[in-house]
Amino acid sequence: MRRIIYKLLFRAVLVLSVQQAWAKPLVIAHRGASGYLPEHTLEAAILAFAQGADFIEQDLVLSKDGVPVVLHDIHLESVTDVEQVFPDRHRPDGRFYALDFTLAELQQLHKHERTDSDNNQVFPSRYQGLSPFRIATFEQHIELIQQLNRQFNKQVGLYPEIKSPAWHRQQGVDISKIVLKVLRKHQLDSADSMVFIQCFDFAETKRIRNELGAKVKLIQLLADNSWHESSSDYDYLQSSPGLAEIAKVAQGIGPWVPQLFDLDKMQPTPLAANAKQNALLIHPYTFRVDELPPAMGADELLTILFDKVEVDGIFTDFTDVAVNYLYQKRLHEKDLHQQAQ
Ligand code: CA
């Protein structure tokens, strides 16, 4: 009898610890360890892996030869030296589009820290060197993360974003179809794979699930309507009926921090509670120690997100800071637990 009780007890503890492991909020490396190295490079992914990220993000656009490459924008000039290498290859609007260059051409470019229209670094204190970082493909990132997972016995996941799907289709290419094909080639299009696909365009999220038959977990990103990010109505998507509609095709939402927490009133908005009612995961963007809300410290913002709003994960340029915060929090909770016994 006693043995059976012990056995049941052991199983209960095991189940609980597995549940806790899954319940742990996720640290999603936003464009890799982009707080330290040029965004979306393989080097930034390696650093994010070493810093303990649970997932590493890849924003995806297509090359001229239809290869998904890891870039945040459809334009190249704010993160590469394209103007020096291919000075004549801009469109009439003066912009250089990744889609106008073959993969071989894209991989000739040097990638640098993000700059603004005056050529100043957007985040001045970040990486200032001139080493020749390169644009990498989605498959190169998949291979890198899979190899590191194998060697370090870890399960770090992929978090690809389909960028500007409507624009890509206007140009005659179907980026979602191509990205899904890559995931399927690597046996990653399943509900239990360590992959989330994210997209701002709700019509595309529905299409990925319903028309393209994706099995992988999906996250609907939420923008502000004033940003003109897509034709989706983000006011509607944040409402209860909007969230219920999202829940039919996606596993979670990726809101902007101020959509979850009113920084003037210093209290949560109704969004998190409404999302949870629809069993949607909440993965807000973007925690940056060099771009915090006015008069707020990094720890204060993390406490708001993890303890007040109780998000399921965060996108961050500073994986190390978020991982360390969660580690200290767990140590503290363990201490309290032991004192109570
Ligand atoms: Ca993104």
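This passage describes a calcium site, the packing of two helices, and several individual residues in a predicted model.

The calcium ion has three protein donors, namely Glu57 and Glu161, each through OE, and Asp59 through OD, and these lie 2.2 to 2.4 Å from the ion. Along the chain, the donor residues follow the spacing E-x1-D-x101-E. Because Glu57 belongs to strand 2 (residues 55–62) and Glu161 to strand 4 (residues 157–162), the pair ties together parts that are 104 residues apart in sequence. Both Glu57 and Glu161 are buried.

Helix 7, which spans residues 175–185, has the buried residues Ile175, Ser176, Val179, Leu180, Val182 and Leu183. These residues cover an arc of only 155° around the axis, and they therefore lie on the same side of helix 7. Lys181 and Lys185, by contrast, are exposed on the other side of the helix. Just after the end of helix 7, Gln187 takes a positive phi of about 55°.

Two packed helices are described by the angle between their axes and by the distance between those axes. For helix 5 (residues 138–152) and helix 7, the axes come within 11 Å and cross at roughly 30°. Since angles under 35 degrees count as roughly parallel, helix 5 and helix 7 are therefore roughly parallel to each other. The crossing in which helix 5 passes helix 7 is right-handed. The residues that meet are Phe138, Glu139 and Ile142 from helix 5, and Val179, Val182, Leu183 and Lys185 from helix 7. Of these helix 7 residues, Val179, Val182 and Leu183 are among those that are buried, whereas Lys185 is exposed.

Helix 5 also holds Asn149, which has a relative accessible area of 13% and is buried because this value falls under the 20% limit. When neighbours within four places in sequence are left aside, Asn149 is in contact with Phe49, Lys154, Gln155 and Val156.

Another buried residue is His168, with a relative accessibility of 1%, and this residue lies in helix 6 (residues 165–170). Not counting residues up to four places away in sequence, His168 touches Val61, Leu62, Ile74, Lys163, Val173 and Ile175. Among these partners, Ile175 is one of the buried residues of helix 7. The C-alpha atoms of His168 and Leu99 are separated by 8.6 Å, although the two residues are 69 residues apart along the chain.

The backbone also deserves a description at several points. Most residues other than glycine have a negative phi, and most peptide bonds are trans. His228, which is not a glycine, nevertheless has a positive phi, near 50°. His228 is placed in the loop between strand 6 (217–221) and helix 9 (234–237), and with a relative accessible area of 68% this residue is exposed. Met266 likewise has a positive phi, of about 55°, although it is not a glycine. Its position is in the loop between strand 8 (261–262) and strand 9 (267–268), and at 38% relative accessibility Met266 counts as partly exposed. Finally, the peptide bond from Tyr285 to Thr286 is cis, with an omega near -15°. Thr286 is found in the loop between strand 10 (281–282) and helix 13 (298–309).

Conventions:
Residues numbered from 1 in each chain as written. Predicted model: local features only at pLDDT ≥ 70, side-chain atom pairs only at ≥ 80, totals over all residues. Heavy atoms only, no water. Buried < 20%, exposed > 50% of the residue type's maximum accessible area, 1.4 Å probe, protein only. Helix = DSSP H or I, 4+ residues; strand = E, 2+ residues; numbered from the N terminus. Arc of directions from axis to C-beta. Donors = N, O, S within 2.8 Å, 3.2 Å for Na, K, Ca; no water. Axes fitted to C-alpha atoms, helices over the stretch in contact; angles between N-to-C directions. Parallel < 35°, antiparallel > 145°, perpendicular 65-115°, else oblique. Left-handed = near helix turned anticlockwise from the far one by under 90°. Contact = heavy atoms within 4.5 Å.
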